[in-house]
Amino acid sequence: MTGKSYLDELNEVQRKAVIQTDGPVLVVAGPGSGKTRVLTYRIAHLIEKGVAPWEILALTFTNKAAREMKERIERVVGDAANRVWAGTFHAIFARILRVEAEKIGYPSNFTIYDSDDSASVINAIIKELNLDKSVYNTNAIRSRISSAKSSLITPRLYAENEELMEQDRMAKRQYTHVIYQKYTERCKRSGAMDFDDLLYRLYELIQQNPDGVLDKYRARFKYVLVDEFQDTNHLQYAIIRKLVQFEGSPRNICVVGDDAQSIYAFRGATIQNILDFEEDFQKYGIQVFKLEQNYRSTDQIVQAANHVIAYNRRQIPKTIWSNKGVGHKIKVIKALTDTEEGKRVVDTIVEQRNRYHLSNKEIAILYRTNAQSRIFEEYLRRYNLPYRVFGGLSFYQRKEVKDLIAYLRLAVNPRDEEALRRVINYPKRAIGDTTVDKISAAAGEANQPMWELLGTVDVGPRTHKAIAAFVRMIQSFMTLAQTGNAYEVAVTIAERAGLIDTLKTDTTVEGLSRLENLNALLDGIKTFVEEDESSETTGQEDKSLASYLQNIALLTDFDNEENSEGDYVTLMSVHSAKGLEFKSIFLVGMEEKLFPSFMALDTPEGLDEERRLFYVAITRAELFLTLSYALSRYRFGQMRYNEISRFLEELPREHLESTGALPGTSFGRGSSTASAGRESASPGASVSGNFQRRTTAQSAPLRVDPKTFSPSPSNQIQAGMKVLHLKFGEGKVISVDGSQDNRVATIHFSEIDSPERRIMLKFAKLQILT
DNA sequence: GTTGGTATCTGTGGA
DNA sequence: AGATACCAAC
């Protein structure tokens, strides 16, 4: 023990994980277990031990996590913290690529395409290829391209891959590989990288290793740390391995993650990485630490969470426990409609605030989809409760903001085709679609940026003149961009491009707010320029337009809320709530097809991911957890009727307040043999008490210990078999009907009250006994 | 080429 | 419901 004060703030396992600085380390960290603390103290410890800050690379998923980490390191070691390479994968890699891009044929001022840009490129290609856009769904194609890249599959490898091609044929999208090919070409000639490219091109760079660039970074980053490792994809892990796995490497790599909180499989993340990591570094003396004590939530919440996650199949065994007292039971709110849900949730917020003296900022409403926020906003407004919505349409996605940014992007990189298309005729300057299509076709043929071909297309004299004027204007912007600072340049461009005048002619309410947004953007650029240089690790003193653009390309709404102070109720998606905690959590919309999302219902993997998401949601709560559902809600202009989420049913009744908000939960579902040991840890003094009307009749949600349960493939289930079900226990299959995907079994479970159950086989987990 | 209206389609998550 | 695509008329 060194006796350093920060080490005293750690529990034993945490301290071991901090002190074990050399060699490979895997930290498996449950929710609220002090994971960030371990990471930051570890970095601080390295610096105190004499490691230079710039030899440390710390990769996170969100800017927020990166910022928090830097702040906390700074508190321990002071200014040195600013020299640590800490940031998101995307931001750090973009920073490296700015320096090295020319080695792989990109300009150093490359544009970063956001997902809207990507979608628009794909749309344009689908159109040009004359493909049916109802078959070639943009998002489907985009995610396919994205996962190909994340698996290191080039367009050529894609076309040669029988499995992928077969999948595309099955989906009647056999030209996907052509779109991928063209997409890649287009980004390249535009000097643009999409989010996946920031990873993929970096991999390409260090793979090809021109001028020994790989060795440079291997030598630089002596210590590598990765946060949220369960959310890394194949490509990210490949890059990490390249950096630390080589002959003579000290392999000072520390990854921190929680398989139970992996919620980004949809964008290629795989918990396989955690398992692989263990194996890959086995022979280099990997140390594994498990952080199992939860410092955030009451026992009630932790136990409920443990129980829920036990329904998932594959996981790293761990037992999360809390000593924060039993706590309040979980409350369930039932509503008939979405409006009623809104009202009742906000009513409860008011009540809770009063009764427990909670401030607004200690309360959050979490939902599965951003679209659900509206009704809660309505009632919060009505009750005069200040709130803040995160996510959804970000500031930078607004039309007027994108318009100006497109001009700025062109001024920095005129090859940027998406920016060019966006503004070539906005404000109106008589360069219509026909002309743009001609230029685009020429660009495709010559595989040259549209910008280079503007003057060469065959058009009438009027259009020709208009194009020439546009080119002159952009050229003047380009000159401008190299001189002044970003703010002055942006103001001048906004005026000279005619954006401000155009908006001023619109006197509607929306028009006014657009103008305001434009001004807000300009103010933001001003702040960027004036910002104290020393405060940010990423921003050198570069206050150029190019630097600004790179900065915002990787920002989300989430990041640039300076005024995060203030007493607001928080509204956000469960995804964005990851890593956060609140005294009181309201998890709303607990309905089948919403949470779990209908998109995930087809596969067991999808469902497991939704369950992990549910796990993440409930473990955000420190003291109070309230779940709500509506039996009907408007979606896409239509009233839909919903069933209660299966996840609600998976919550042990003993952790629920008995409000009768759940059907068939009359506390009589038979006696109980709850999986022993679960509740034994919590006999402690009840800090809550006052809320519990009755403490009788705890019903057992599980009849089978999930640890010994191994479900059989559902296609093997046949009439006459004896099977085991987690909740219902042993049963006999009476009949199976339906076909293919929709086989339904009628099963007689002798251990439960209404023994005859019809079960969708694609969802059910049944273990065949005989 | 531009304008303004109607038909159609979309159904998560985020750097 | 809201955005976007498409189409007819100027």
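Residues count as buried when their relative accessible area is under 20%. The model described here is predicted. Y396 has a relative accessible area of 15% and is therefore buried. F395 reaches 16% relative accessibility, so this residue counts as buried too. The rings of F395 and Y396 form an edge-to-face aromatic pair. Their centres are 5.4 Å apart, and the planes stand at 80°.

Y396 is also a contact of Y548. Beyond residues up to four places away in sequence, Y548 touches Y396, A486, L521, I525 and F528. The largest nonpolar core comprises 53 residues. Y548 is among the residues with the most contacts inside this core, together with L404, Y407, F470, L521 and I525. Helix α18, spanning residues 399-412, gives the most to the core, contributing 9 residues. Another core, of 49 residues, lies apart from it. Its members include Y106, L205, Y217 and I274. In soluble globular proteins, nonpolar side chains tend to be buried together.

Aromatic pairing extends beyond F395 and Y396. The total comes to 18 aromatic pairs. Y264 and F266 form a tilted pair, with 5.6 Å from centre to centre and 45° between the planes. The two partners differ in exposure: Y264 has 14% relative accessibility and so counts as buried, whereas F266, with a relative accessible area of 56%, is exposed. R267 lies over the face of Y264, at 3.9 Å from the ring centre. A second arginine, R251, lies over the face of Y284, at 3.5 Å from the ring centre. Y284 belongs to an aromatic cluster. The other members of that cluster are F229, Y237, F277 and F281.

Six strands form an open sheet with parallel pairing. Their order is β3-β2-β6-β7-β1-β8. The edge strands are β3 (85-88) and β8 (287-291), each of which pairs on one side only. From one strand to the next, the twist averages 15°. Within this sheet, β2 (residues 56-60) pairs with β6 (residues 223-226) in the parallel sense. The pairing spans 4 bridges. I56 stands opposite Y223 of β6.

Strand β15 covers residues 582-587. Of its 6 residues, 5 are buried, so the strand is largely enclosed by the rest of the structure. Strand β15 pairs with β12 (residues 363-367). These two strands run parallel and are joined by 4 bridges. Strand β15 also pairs with β16, again in the parallel sense, over 5 bridges. F586 of β15 takes part in both pairings: F586 is the bridge partner of I365 and stands opposite T626 in β16.

Strand β16 (621-635) is also a packing partner of helix α15. This helix spans residues 299-309, and 11 of its 11 residues are buried, so α15 is largely enclosed by the rest of the structure. The buried set runs from D299 to I309 and includes polar residues such as Q300, Q303, N306 and H307. I301, V302, A304, A305 and V308 are also among the buried residues of α15. Two further strands, β9 (293-294) and β10 (321-322), pack against the buried residues of this helix. Helices α28 (604-618) and α29 (646-650) do likewise.

Note on methods:
Residues are numbered from 1 along each chain as its sequence is written. Chains are lettered from A and ligands numbered from 1 in the order in which they are written. This is a predicted model: local features need pLDDT of at least 70, side-chain atom pairs count only at pLDDT 80 or more; totals for chains, interfaces and linings use all residues. Side-chain values use heavy atoms; hydrogens and water are left out. Buried means under 20% relative accessible area, exposed over 50%, partly exposed in between (1.4 Å probe, protein chains only). Contact means heavy atoms within 4.5 Å. A nonpolar core is a set of buried Ala, Val, Leu, Ile, Met, Phe, Trp, Tyr and Cys residues joined through side-chain atoms within 4.5 Å. Two strands pair if DSSP finds at least two bridges between them. Axes are lines fitted to C-alpha atoms, for helices over the stretch in contact, and angles run from 0 to 180 degrees between N-to-C directions. Rings of Phe, Tyr and Trp (its six-membered ring) pair if their centres lie within 6.5 Å; planes under 30 degrees apart count as stacked, over 60 as edge-to-face and the rest as tilted. A charge sits over a ring if NZ of Lys or CZ of Arg is within 6 Å of the ring centre and within 35 degrees of the ring normal.
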